[in-house]
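Colleague: Could you take a close look at one buried charged side chain for me and then walk on to whatever else stands out?

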Amino acid sequence: MPIGVPKVPYRTPGDEEATWVDLYNVMYRERTLFLGQEIRCEITNHITGLMVYLSIEDGISDIFLFINSPGGWLISGMAIFDTMQTVTPDIYTICLRIAASMASFILLGGEPTKRIAFPHVRIMLHQPASAYYRARTPEFLLEVEELHKVREMITRVYAVRTGKPFWVVSEDMERDVFMSADEAKAYGLVDIVGDEMIDKHCDTDPVWFPKMFKDW
C-alpha cells in the first residue's frame with residue numbers, strides 16, 4: 001500500500017517541541033527543491049514560487065534544485081529557467097537520474113560551476129516540439145514559425161552555456177542525444193560528476209553528504 005509523503009520531526013524556531021511535518025516541507029525550509037516529475041504548470045508554479053520566496057527571505061544563501069524528470073512543456077520549462085536567472089541566490093542543479101528534454105535545459109540553467117550530475121544519470125537533449133498539430137492550416141503555419149524562433153533561442157542558450165558552436169548544438173538537437181554524466185560534463189551541460197565529490201569527501205568526513213555541496 002502507498003506510504004504517502006514521509007514525515008519527519010521538525011522544530012520551528014520559537015517552539016519548544018518538534019512537530020511531525022512533510023519531509024519536503026522541511027527540505028524547502030533548508031532551501032532544497034525537487035523536480036521529480038513531468039514539467040507541467042502546477043509543478044512550475046510550485047518551484048518558481050518557492051525560488052522567489054527563498055530569494056526574498058535570503059538573497060545570498062544558495063538554493064539546491066534536484067532533478068529527476070523526463071521533461072515536459074516547453075513554456076513551463078522556460079519559466080523555471082528564467083526564474084533561476086532572475087533570483088539573486090546561486091542555484092545548484094543536481095541531476096539524480098534523468099534530465100531529458102526541458103529538464104536538461106533546466107539542469108543547464110544552474111549557476112556555472114554548480115551544475116552536478118550523479119554518476120549513473122542519463123541526460124538527453126533534443127529540439128522542442130509542438131502539441132497543436134490539429135490546428136487549421138493558417139494557424140499551423142504561424143505556430144511552425146513561432147516554434148522555429150523558440151528553437152533558435154533555446155539552441156543559442158545551449159551554445160552560450162556549454163561553449164559549443166551554435167551549429168554543433170543545432171545539429172545535435174535534430175535527434176535525441178543521450179549522454180552519461182561524463183559525456184554531459186565533456187559537452188558542457190554539467191560541471192561536476194557526483195563521484196568526484198564522493199571521492200573528495202567520503203574518506204575524510206563520515207557525514208559528508210549534507211555538506212558536500214557547500215564545501216565544493
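Modeller: Sure, starting with Arg 31: its side chain reaches the backbone oxygen of Asp 58 at 2.9 Å, a polar contact (N or O atoms within 3.5 Å, one able to donate a hydrogen and the other to accept it; residues adjacent in sequence count only if both atoms are side-chain atoms). Bear in mind that this is a predicted model, where local features need pLDDT of at least 70, side-chain atom pairs count only at pLDDT 80 or more, and totals for chains, interfaces and linings use all residues. Residues are numbered from 1 along each chain as its sequence is written, and side-chain values use heavy atoms, with hydrogens and water left out.

Arg 31 sits in the loop between α1 (23-29) and β3 (32-35); helices (H or I, at least four residues) and strands (E, at least two) are DSSP runs numbered from the N terminus. Arg 31 is buried, meaning under 20% relative accessible area, with exposed over 50% and partly exposed in between (1.4 Å probe, protein chains only). Yet Arg 31 has no salt bridge, and the nearest side chain of opposite charge, Glu 57, is 4.3 Å away; a salt bridge needs a side-chain nitrogen of Lys or Arg within 4 Å of a carboxyl oxygen of Asp or Glu. For charge, Lys and Arg count as positive, Asp and Glu as negative, and His and the chain ends are not counted.

Leaving aside neighbours within four places in sequence, the contacts of Arg 31 include Leu 54, Ser 61, Ile 63 and Pro 89, contact being heavy atoms within 4.5 Å. Ile 63 belongs to strand β4 (residues 63-69), which pairs with β5 in the parallel sense over 6 bridges; pairing takes at least two DSSP bridges. Leu 65 stands opposite Thr 93 in β5, and 7 of the 10 residues of β5 (residues 91-100) are buried.
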